[in-house]
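Biologist: I am new to this structure and would like a close look at one part of it, beginning with salt bridges. How many are there by the usual distance rule, and what lies around them?

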Amino acid sequence: MDLNTLRDNAESMLPAPVFVLAAAVSTQTGQALGKQLFAQVGPGGVVALRLGFAAIVLLALARPRALPRGARLRTALGLGAAIAGMNLIYPALHYLPLGVASSLQLLGPLTVALCASRRVADIGVVALVVAGVWLVRDPASGALAWQGIALALLSAAAMGIYLLLSRRAGSLADSRSVLAFGVGAGALLAVPWGGLEDGRALIHPGVLLAGAVVAVVSAVIPYSLELAALQRLSAGIVGTLLTLEPVVAALAGLVVLHEGLSIQRWAGIVCICSGAAYVTWQNSRRTETGTPAPDDATATAHGGPGHTAAAFPGN
């Protein structure tokens, strides 16, 4: 029995939502493993390794025939800058628990969706998310470092920009190649940053192996799982399930990093995820019924033409 047959059998046996949730677990576990590398190469080194390996894999899969030009080049460069910005989540993790940082990052795509929406009910979503942010702050559990908050919000803003650019990329011919070049451009921005922290440590065989594991667990595996899920589920359902990632991140932080969160911070994370899930689900329903919908930002919360395109560079 060949590998393709085994894969097809596995996909038919497991419910499609399992693939989405497994992708979220893999992404957040990879981020937790990346945080464990900070002592050796620093956050910049982890980003450089992750984007470097991700670029190699994506370019190998896309096999572009030529370098992008014109609009494709401008889009690829824009995506590269946004991808590098999204990875500011890693230095944010130097200051914040994984669950808190992931929740703040989700505010980027959620803000894009809310700004494009004109539903009265979304006022309630804004109130719910604001309450969630206030609960996550929870000074009684210890003040959150302003540096971490700022970096997480910059990552969120970059994710929002990436969503808008990825829609443009999706309209171009050979969009996967544009994304691959975008990840490559992001890696070119990240590698010097990693080199400034400790360039010699980056080329140590053990560190390279650990960086490859982080890239595979946080990017390659989720990318494959989300592709499998999208073959059986709509992008809206996949996006709705993926708004649970901050909850998964908090659990990964607890299990892998031993980062405990207060009940108040857990409640805040749930509020933010609930608001994102509602907006994503409503937007997907409007799309399915043929009603013009605003940008389905949270359905593609990690970017790309459809969510899967950004499973590589995003978190």
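Modeller: A salt bridge here is a side-chain nitrogen of Lys or Arg within 4 Å of a carboxyl oxygen of Asp or Glu. By that rule the count is one. The model is predicted, so local features are taken only at pLDDT of at least 70 and side-chain atom pairs only at pLDDT 80 or more, while totals for chains, interfaces and linings use all residues. Residues are numbered from 1 along each chain as its sequence is written, and side-chain values use heavy atoms, with hydrogens and water left out.

The pair is Glu259 and Lys35, whose closest N and O atoms are 2.5 Å apart. It links distant parts of the chain: Lys35 belongs to helix α2 (residues 16-36), Glu259 to the loop between α12 (245-257) and α13 (263-288), and 224 residues separate them. Helices (H or I, at least four residues) and strands (E, at least two) are DSSP runs, numbered from the N terminus. In general, side chains of opposite charge can pair when their charged atoms come close. Both Glu259 and Lys35 are buried. Buried means under 20% relative accessible area, exposed over 50%, and partly exposed in between, with a 1.4 Å probe and protein chains only.

The loop that holds Glu259 also contains His258. His258 is exposed, with a relative accessible area of 68%. Its phi is near 60 degrees, a positive value in a residue other than glycine. Most residues other than glycine have a negative phi.

Ser262 sits in the loop between α12 and α13 as well. Leaving aside neighbours within four places in sequence, Ser262 is in contact (heavy atoms within 4.5 Å) with Asp138 and Ser141. The C-alpha atoms of Ser262 and Asp138 are 8.2 Å apart, although their positions lie 124 residues apart in sequence.

Asp138 is itself in a loop, the one between α7 (122-137) and α8 (146-170). Like His258, it has a positive phi without being a glycine; the value for Asp138 is about 30 degrees. Asp138 counts as buried, at 4% relative accessibility.

Val100 is another residue to look at from here. Not counting residues up to four places away in sequence, it touches Val136, Leu144, Leu261, Arg265 and Ile269. Val100 is also among the residues with the most contacts inside the largest nonpolar core, along with Val41, Tyr90, Leu96, Tyr162 and Val183. A nonpolar core is a set of buried Ala, Val, Leu, Ile, Met, Phe, Trp, Tyr and Cys residues joined through side-chain atoms within 4.5 Å. The largest one has 61 residues. A second, separate core of twelve residues includes Ala16, Ala23, Val238 and Leu242.

Cysteines give no further link. A disulfide is a pair of cysteine sulfur atoms within 2.5 Å, and the count is zero. The sulfur of Cys271 has its closest cysteine sulfur in Cys273, 9.5 Å away, which is too far for a bond. Cys271 counts as buried at 16% relative accessibility, and Cys273 at 4%.

The loop can now be set in the whole chain. The protein comes to 13 helices and zero strands, and buried residues make up 53% of its 315 residues. Of the contacts with a separation of 6 or more, 86% are between residues 24 or more positions apart. One such long sequence separation is that of Leu58 and Ala180, 122 residues apart in sequence and 5.3 Å apart in space, C-alpha to C-alpha. Leu58 is in helix α3 (residues 38-62).

An unreviewed UniProt entry places "transmembrane region" at several spans, including residues 233-257 and 263-281. Such positions are given in the numbering used here, feature names are shortened, and annotations may be inferred rather than shown by experiment. Another span in that record is 177-196, which is 100% helix with its end C-alpha atoms 29 Å apart.

Last, confidence. The mean pLDDT, the predictor's confidence in each residue from 0 to 100, is 80 for the protein, and 82% of the residues score at least 70. Helix α1 (residues 3-13) has the lowest mean among the elements, 52, and helix α5 (residues 89-93) the highest, 95. Over residues 292-313 pLDDT stays under 50.
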